[in-house]
Amino acid sequence: YPGYALALDSAGQPVWQVQQWLNGLASLEYYYRYVDQTGIFDPQTRDAVLIFQGLNDLEETGVVDEVTWDALRRAVR
């Protein structure tokens, strides 16, 4: 966890990591969504995070907080 929540317009390596994890899940399960791996938290990334949160009984905020970060990390390992 980078120490801060990731939301629309966040950018950098932590966002890139989230996008990589989301794409890894999308390659395994049809109900997850692929995103462009740009390092920018755009609406496409937010929507994929919302789907992940909904499928994993997390609060559906579209924001990657520490709980969502940890759940994503565990889901791809």
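Let's start with Asp-47, which counts as partly exposed at 27% relative accessibility. The model we are walking through is a predicted one, so please read each value below as computed from that prediction. Asp-47 has a charged partner right beside it in the sequence: its side chain meets that of Arg-46 in a salt bridge, with 3.2 Å from N to O. Arg-46 is partly exposed too, with a relative accessible area of 26%.

From Asp-47 we can step across to Thr-61. Their C-alpha atoms are 9.8 Å apart in space, while 14 residues separate them in sequence. Thr-61 sits in the loop between helix 2, which spans 43–55, and helix 3. What does Thr-61 touch, once its neighbours within four places in sequence are left aside? The answer is Leu-50 and Gln-53. At 36% relative accessibility, Thr-61 counts as partly exposed.

How many salt bridges does a search of the whole structure find? There are 2. Besides the one between Arg-46 and Asp-47, there is a salt bridge between Arg-73 and Asp-70, whose closest N and O atoms are 3.1 Å apart. These two residues belong to helix 3 and are 3 residues apart, so about one helical turn separates them. Arg-73 is partly exposed, its relative accessible area being 29%.

Arg-73 also brings us to the way the helices pack. Two packed helices are described by the angle between their axes and the distance between the axes. For helix 1 and helix 3, the axes come within 9 Å and cross at roughly 45°. Angles from 35 to 65 degrees fall outside the parallel and perpendicular classes, so helix 1 is oblique to helix 3. The crossing of this pair is left-handed. On the helix 1 side, the contact is made by Pro-14, Gln-17, Val-18, Trp-21, Leu-22 and Leu-25, and on the helix 3 side by Trp-69, Leu-72, Arg-73 and Ala-75. Arg-73 therefore appears in this contact as well as in the salt bridge with Asp-70.

Helix 1 packs against helix 2 as well. Here the axes come within 11 Å and cross at roughly 55°, which makes helix 1 oblique to helix 2. This crossing is left-handed. The residues that make the contact are Val-18, Gln-19, Leu-22 and Leu-25 of helix 1, together with Thr-45, Ala-48, Val-49 and Phe-52 of helix 2. If you compare the two lists, you will find Val-18, Leu-22 and Leu-25 of helix 1 in the contact with helix 3 and again in the contact with helix 2.

Now for the aromatic rings. A pair of aromatic rings is described by the distance of the centres and the angle of the planes. A search of the whole structure finds 5 aromatic pairs. One of them joins Tyr-1 and Trp-69: the ring centres are 6.4 Å apart and the planes stand at 75°, so the pair is edge-to-face. This pair links distant parts of the chain, with Tyr-1 in the segment before helix 1 and Trp-69 in helix 3 (residues 66–75), 68 residues apart. Is Trp-69 buried or exposed? At 8% relative accessibility, Trp-69 counts as buried, whereas Tyr-1, at 35%, counts as partly exposed.

Another edge-to-face pair is formed by Tyr-30 and Tyr-31, with ring centres 5.0 Å apart and planes at 70°. Tyr-30 counts as exposed at 75% relative accessibility, and Tyr-31 is partly exposed with a relative accessible area of 36%. Ring pairs link both of these tyrosines with Tyr-32 and Phe-52 into a cluster. Phe-52 is also one of the helix 2 residues in the contact with helix 1.

Finally, let's return to the start of the chain. Ser-10 lies in the segment before helix 1, which covers 13–28. With 16% relative accessibility, Ser-10 counts as buried, the cut-off for that label being under 20%. Not counting residues up to four places away in sequence, Ser-10 touches Ala-5, Val-15, Gly-39, Ile-40 and Phe-41. Ala-5 also offers a link to helix 3, where Val-67 is found: the C-alpha atoms of Ala-5 and Val-67 are separated by 9.9 Å, although the two are 62 residues apart along the chain. Val-67 itself is exposed, with a relative accessible area of 51%.

Note on methods: Residues are numbered from 1 along each chain as its sequence is written. This is a predicted model: local features need pLDDT of at least 70, side-chain atom pairs count only at pLDDT 80 or more; totals for chains, interfaces and linings use all residues. Side-chain values use heavy atoms; hydrogens and water are left out. Helices (H or I, at least four residues) and strands (E, at least two) are DSSP runs, numbered from the N terminus. Buried means under 20% relative accessible area, exposed over 50%, partly exposed in between (1.4 Å probe, protein chains only). Contact means heavy atoms within 4.5 Å. Rings of Phe, Tyr and Trp (its six-membered ring) pair if their centres lie within 6.5 Å; planes under 30 degrees apart count as stacked, over 60 as edge-to-face and the rest as tilted. A salt bridge is a side-chain nitrogen of Lys or Arg within 4 Å of a carboxyl oxygen of Asp or Glu. Axes are lines fitted to C-alpha atoms, for helices over the stretch in contact, and angles run from 0 to 180 degrees between N-to-C directions. Angles under 35 degrees count as roughly parallel, over 145 as roughly antiparallel, 65 to 115 as roughly perpendicular and the rest as oblique. A crossing is left-handed if the near helix is turned anticlockwise from the far one by less than a right angle, and right-handed if clockwise.
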